[in-house]
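Student: Please walk me through this chain. I would like to reason from the model step by step.

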Amino acid sequence: MPGVAGLGTPADQGKGGGNRQQAAWRELARHSGNPAVVRAVTLAETPLIRQAADASGGNEDSVMGGAGQVKSAEEWRAELSPEQYAVCRCSATEPPFSGKWYHHREAGTYVCVACRAKLFASEAKYDAGSGWPAFFQPLTRTSVTLHPDHGKGMRRTEIRCANCDSHLGHLFPDGPRPTGMRYCINSVALDFLPFG
Ligand SMILES: [Zn+2]
């Protein structure tokens with residue numbers, strides 16, 4: 001799975017991968033001129049909620065090893081449901097208002113359905129009225145990667161799982177405070193771990 005526009009790949013997510021990812025984000029922001037990306041970069045360099053609490057259980061040491069976990073399409077197809085495969089590995093979008101996490105309000109952590117990496121805190125979830133789960137920030141600054149997406153005649157920013165490169169959704173600059181960002185995520189791409 002090659003990186004896009006020089007962005008970090010899962011292989012970059014080991015020790016020190018965060019710094020490389022931040023550098024890649026800044027590079028992307030410079031070249032894209034996309035306000036959403038520029039704001040996301042700013043966000044990525046500010047402290048995140050629960051970051052301290054998750055310091056010992058964040059992505060980098062709690063998932064399946066990160067680097068080198070490249071799976072074939074056949075392997076992914078065997079592990080994921082057809083709906084999960086279509087969204088996570090083929091960048092499909094689930095129908096709005098169809099997902100099981102859209103109105104979900106429990107306290108806990110949303111993880112990548114493909115690799116179990118922790119991606120979003122319930123505290124950052126809000127109702128954007130869009131039909132998809134929305135978060136105003138990822139769990140940590142290295143939880144997700146951002147990629148330019150010019151498909152379907154639109155200029156959007158794609159969000160992927162930093163650990164396994166699965167497609168999650170898109171980033172929009174119309175979120176609430178404190179970040180002003182909306183991480184619009186397919187329910188199909190997420191699973192949920194309640195607290196306690
Ligand atoms: Zn993943």
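**Strands, sheets and core**

Tutor: This is a predicted model. Begin with one pair: strand 5 and strand 6 run antiparallel and are joined by 6 bridges.

Student: In the hairpin of strand 5 and strand 6, which residue in the turn has a positive phi?

Tutor: The hairpin has 6 residues between its two strands. On the strands themselves, Asp149 has Arg156 of strand 6 as its bridge partner. In the turn, a positive phi of about 55 degrees belongs to Lys152.

Student: What is the order of the strands in the open sheet of 6 strands?

Tutor: The pairing in this sheet is antiparallel. Its edge strands are strand 3 (125–126) and strand 5, and each of them pairs on one side only. Reading across the sheet, the order is 3-4-8-7-6-5.

Student: How many bridges pair strand 3 and strand 4?

Tutor: Look at one bridge to start. Tyr126 has Ala134, in strand 4, as its partner. The two strands pair in the antiparallel sense, and the number of bridges is 2.

Student: Which strands stand at the edges of the open sheet of 3 strands?

Tutor: The order in this sheet is 2-1-9, with antiparallel pairing. An edge strand here has a single partner strand, so one side of it is left without a neighbour in the sheet. That describes strand 2 and strand 9.

Student: By how many degrees are neighbouring strands of this sheet turned against each other on average?

Tutor: Take the sheet with the order 2-1-9. Ignore the direction of the strands and use the average over neighbours. The angle is 35 degrees.

Student: Which residue of strand 9 is the bridge partner of Val111?

Tutor: Strand 1 and strand 9 (residues 190–194) run antiparallel, with 5 bridges joining them. Val111 also stands opposite Lys118 in strand 2. In strand 9, its bridge partner is Asp191.

Student: Which residue in the turn between strand 1 and strand 2 has a positive phi?

Tutor: These strands run antiparallel and are joined by 3 bridges. One residue facing across is Thr109, opposite Ala121 in strand 2. The hairpin has 5 residues between the strands, and the one with a positive phi of about 75 degrees is Arg116.

Student: How many residues does the largest nonpolar core have?

Tutor: Those with the most contacts inside this core include Leu119, Tyr183 and Ile185. At least two core residues come from each of several elements, among them helix 5 (82–88), strand 1 (108–112) and strand 6 (156–161). The core has 34 residues.

Student: Which cysteines are in contact with Cys112, leaving aside its neighbours within four places in sequence?

Tutor: Cys112 is among the residues with the most contacts inside the largest nonpolar core. Its contacts include Ala117, Leu119 and Ala189. The cysteines in that set are Cys161 and Cys164.

Student: Why does Pro178 count as exposed?

Tutor: Pro178 is found in the loop between strand 7 and strand 8. A residue is exposed if 12 or fewer other C-beta atoms lie within 10 Å of its own. Pro178 counts as exposed because its number of C-beta neighbours inside 10 Å is 12.

Student: How many Å apart in space are Pro178 and Phe136, C-alpha to C-alpha?

Tutor: In sequence, Pro178 and Phe136 are 42 residues apart. Sequence separation is one thing and distance in space another. C-alpha to C-alpha, the distance is 7.8 Å.

Conventions. Residues numbered from 1 in each chain as written. Predicted model: local features only at pLDDT ≥ 70, side-chain atom pairs only at ≥ 80, totals over all residues. Core = buried A, V, L, I, M, F, W, Y, C linked by C-beta atoms within 7 Å. Buried ≥ 20, exposed ≤ 12 C-beta atoms within 10 Å, placed from the backbone. Helix = DSSP H or I, 4+ residues; strand = E, 2+ residues; numbered from the N terminus. Contact = placed C-beta atoms within 7 Å. Pairing = 2+ DSSP bridges. Axes fitted to C-alpha atoms, helices over the stretch in contact; angles between N-to-C directions.
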